[in-house]
Each structure stands twice: as structure tokens, then as C-alpha cells.
Amino acid sequence: MATNTSGNIGYRTNAYVKGRMLQRGQYLLVTERFGQSAPIPKHASKTRTFRRVNALLRATAPLAEAVVPAGQQLSVTDVTCTMEQYGAWVPLSDVVLDTNEDPILNEAADACGEQAAETIEVVRIAVLTGGTNVFYVGTATTRATVNGSLAGSNGRDVFRKVYRSFKTNKAREISKIIKATAMVATQPVAPAYFAMGHTDLLADLAGATGFVPIENYSDSAQALPGEVGKLEQVRIILTPLFEPWLAAGTSGSTYLTNRVKGTGAADVYPLIVVARDAYGIVPLQGEQSVNVVIQNPKASIVDPMEQIGFVSWKTMQTAVILNQAWLARIETAATAL
């Protein structure tokens, strides 16, 4: 990853602003919490390989006396992905800097922090919603036939199907997540599977049979940012960044269509349920995660009157599904309330 660049202002100021960028953006990074983290050091390849040692066959045959059994060779599965570079910049005029000084640097850093976080979040969401392990609410069998919401027994039933599938495929509960700080760190959580989806689904989830809101947790202070409750063995976190497929379901007047109440094909919302090590990410945290450049107006051949400065950011990022059976996509409509 690229290193921190201080432009033509003091390094301490630049480090402070970079810290603001990362902290400002962390709340938005739902996908950051549950992925297998693989930071890429400086001067490393753009290609990242995640490796899994496969399970051995069960040794169910009794051992024969004084006979050494044949050994079993370890086998591995490699999942390779390639990082891409993302970034943007904001120009700052000498007039703005002269009249605002520190506040405008802070505002520009905050805006860039939100932009970086949301950019990487939607890139990761696009990867996660492309999984092949799909479950439909109600009687639907394809996205085009989605005709139900998570309210009532529908939500409970589809969550039970996902849970059964995870257990059948030996998917482990998540017991440690990436901590929401500017540095790469982890924190323990009670073992559970986690679901991520759009805030439009909250009303239907609240009406699902067996749904437990966070205020009814034995210790609600342990709820994560964006967490709304749990259903069956799955804790649920919602964010506006999990966009629906507009008008992709069955026609009717009960559900949101093109994000509003009306008659037409229902919008179809993805709800991504993940187990431990279901997907991998390059974290948007730590010293080498984002390259920030802050440049005050400086005389040059293209700016002889020192009129233009800027704040910029760039990062190398990737996300990849590591095991399709450990990541499930529930597709559902949202009731138009």
C-alpha cells in the first residue's frame, strides 16, 4: 500500500487529518467488521491469495494391530483476487484557506473520509451480493417471482433455512470481529451469524415472528453500530448502502416499487448472512490503508499565483467470497408502510 504523504504542510497536521478521515468513515463500514482481514504491505503484489487447508476424511476404519495405516495428504484451496485502486480529490482555493484555515481542512477531510468509506463499502457489497447461495422469502423461486416480505413467519422460516444450510456445511459462528477504530484491531463478540441489509427492511424485521430487538438483549450495550436485533441465531445490522434491485420482483401494490409505495413490480432487497471466514477484504484501516495528500496553494508553473490547493485520497482495495456455502443471500421485498 502507498505510504502517508504530507504534501507541503506539516506531517503532524497531515497525520491528524488522516486520523479524522478514518474515524469519520468507520461507522459506515459494515462489511469491514466481518471479513477475513488481509492487509497488503507496501511494495507487495496487487494480487492477494487466501488459502484454506481442506478438512481430512474421517478415519472410521479401526486400526489393525501393529499395522501402520496409510497417511493422508493435506490439500489446500486457494482463492485469488486482484486489488484495484480507488480515489478522489477536492480542490481548495487560497481565498477559502485564508478565510477559514483549519475548519475547512477538517471539513474537506471529513467529506473525503465519508467518500472513501462509502466507495469501498459499495464495492464490497457488489461482491457479496454476487454470491451463488441464494434463499427466497415466501414461495418465490427466483428474483423475478419475489412476492413476500420478512414479516410474520416468512422471516423466521428463511432464517431457519439459512441456519440449517450453514450447519450442514460446517460454517462456524463469528466470535471475533474487526474493531471500529482507525487502527487494525479485533474485539470479541458472542458467537453468532451476522446479517447485513438495507434499513428499509427494519419494519418487516420488527414484525417477523421471533424477532428480538436490541433493547431486549440481556446487555444492549454490546450491540454493534447499526445493529437492530436478532432473528433465530442471526444478529442483524442495517445500513442504507445495501441498495435493492429496483422493480425486479412480482407486480402488486403491497411492496415498495422504485423505493416508493405504488403499483408495479416490487423492489428486491438483498440480506447477506455471513459465517466466519465467509469472505476476505483488504481493511480500510491502519497506517498504510489510505494514502492522503494535503496540499496548500504552492507556486508552480501551472499555478504561478498560489491559488489552488487540495485534499486527496487513494487506496488499493479488493473483496472476495472465500466460501460460497458460508455466505447466504436472502432476497425479499419490503412492505410499503
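Student: Over the face of which residue does Lys-230 lie?
Tutor: In this predicted model, the ring centre is 5.6 Å from Lys-230. The cut-off for a charge over a ring is 6 Å from the ring centre, with a further limit of 35 degrees from the ring normal. The residue whose face lies under Lys-230 is Tyr-217.

Student: How far from the centre of the ring of Trp-245 does the charged end of Arg-143 sit?
Tutor: Arg-143 places its charged end over the ring of Trp-245. The distance to the centre of that ring is 3.6 Å.

Student: Which residues are joined with Arg-143 into one network by salt bridges that share partners?
Tutor: A search of the whole structure gives 11 salt bridges. The side chains of Arg-235 and Glu-227, for example, meet in a salt bridge at 2.8 Å, N to O. Elsewhere, salt bridges with shared partners connect Arg-143 into one network with Arg-329 and Glu-331.

Student: Are Arg-235 and Glu-227 buried or exposed?
Tutor: A residue is buried when its relative accessible area is under 20%. Arg-235 has a relative accessibility of 10%, so it meets that limit. Glu-227 has a relative accessible area of 5%, and therefore it too is classed as buried.

Student: How far apart are the closest N and O atoms of Glu-32 and Arg-124?
Tutor: Side chains of opposite charge can pair when their charged atoms come close. Glu-32 and Arg-124 form a salt bridge, and the limit for this contact is 4 Å between nitrogen and carboxyl oxygen. Their closest N and O atoms are separated by 2.6 Å.

Student: Why does the pair of Glu-32 and Arg-124 tie together parts that are apart in sequence, and by how many residues?
Tutor: Glu-32 belongs to helix H2 (residues 30-34), whereas Arg-124 belongs to helix H4 (residues 102-128). Because the partners lie in these two helices, the pair ties together parts whose separation in sequence is 92 residues.

Student: What is the relative accessible area of Arg-124?
Tutor: Glu-32, its salt-bridge partner, is buried with a relative accessible area of 0%. Arg-124 is likewise buried, and its relative accessible area is 1%.

Student: With which residue does Glu-173 form a salt bridge?
Tutor: The closest N and O atoms of this salt bridge are 2.7 Å apart. Glu-173 is partly exposed, with a relative accessible area of 25%, and its partner is partly exposed at 36% relative accessibility. That partner is Lys-167.

Student: How many aromatic pairs does the structure hold, and why is the pair of Trp-89 and Phe-310 given its geometric class?
Tutor: The structure holds four aromatic pairs. For Trp-89 and Phe-310, the ring centres are 6.0 Å apart and the planes stand at 85 degrees. Planes over 60 degrees apart count as edge-to-face, so the class of this pair is edge-to-face.

Student: How many residues apart are Trp-89 and Phe-310?
Tutor: Trp-89 is in strand S4 (residues 84-93), and Phe-310 is in strand S18 (residues 308-317). At 55% relative accessibility Trp-89 is exposed, while Phe-310, at 24%, is partly exposed. The pair links distant parts of the chain, with a separation of 221 residues.

Student: Which residue forms one aromatic cluster with Phe-166 and Tyr-193?
Tutor: Phe-166 and Tyr-193 are themselves an edge-to-face pair, 5.0 Å from centre to centre with 75 degrees between the planes. Phe-166 lies in helix H5 (residues 153-168) and Tyr-193 in strand S7 (residues 186-197). Both of these residues are buried. The remaining member of the cluster is Tyr-163.

Student: How many disulfides does a search of the whole structure find?
Tutor: Cys-81 is buried at 8% relative accessibility, and Cys-112 is buried at 0%. A disulfide requires two cysteine sulfur atoms within 2.5 Å. The number found in the whole structure is zero.

Student: What is the area of the nonpolar surface patch made by Val-53, Leu-56, Leu-74 and Val-76?
Tutor: Val-53, one of the contributors to this patch, is found in strand S2 (residues 47-53). The four named residues together make a nonpolar surface patch of about 380 Å².

Student: What is the phi of Arg-259?
Tutor: Arg-259 is in the loop between S12 and S13, as is Asn-258. Asn-258 has a positive phi near 55 degrees. The phi of Arg-259 is also positive, near 70 degrees.

Key: Residues are numbered from 1 along each chain as its sequence is written. This is a predicted model: local features need pLDDT of at least 70, side-chain atom pairs count only at pLDDT 80 or more; totals for chains, interfaces and linings use all residues. Side-chain values use heavy atoms; hydrogens and water are left out. Buried means under 20% relative accessible area, exposed over 50%, partly exposed in between (1.4 Å probe, protein chains only). Rings of Phe, Tyr and Trp (its six-membered ring) pair if their centres lie within 6.5 Å; planes under 30 degrees apart count as stacked, over 60 as edge-to-face and the rest as tilted. Helices (H or I, at least four residues) and strands (E, at least two) are DSSP runs, numbered from the N terminus. Patches are made of residues with over 30% relative accessible area and no salt bridge: like charges are joined within 9 Å, nonpolar side chains (Val, Leu, Ile, Met, Phe, Trp, Tyr) within 5 Å. Accessible areas come from the Shrake-Rupley method with a 1.4 Å probe; for residues, only the protein chains shown count as cover.
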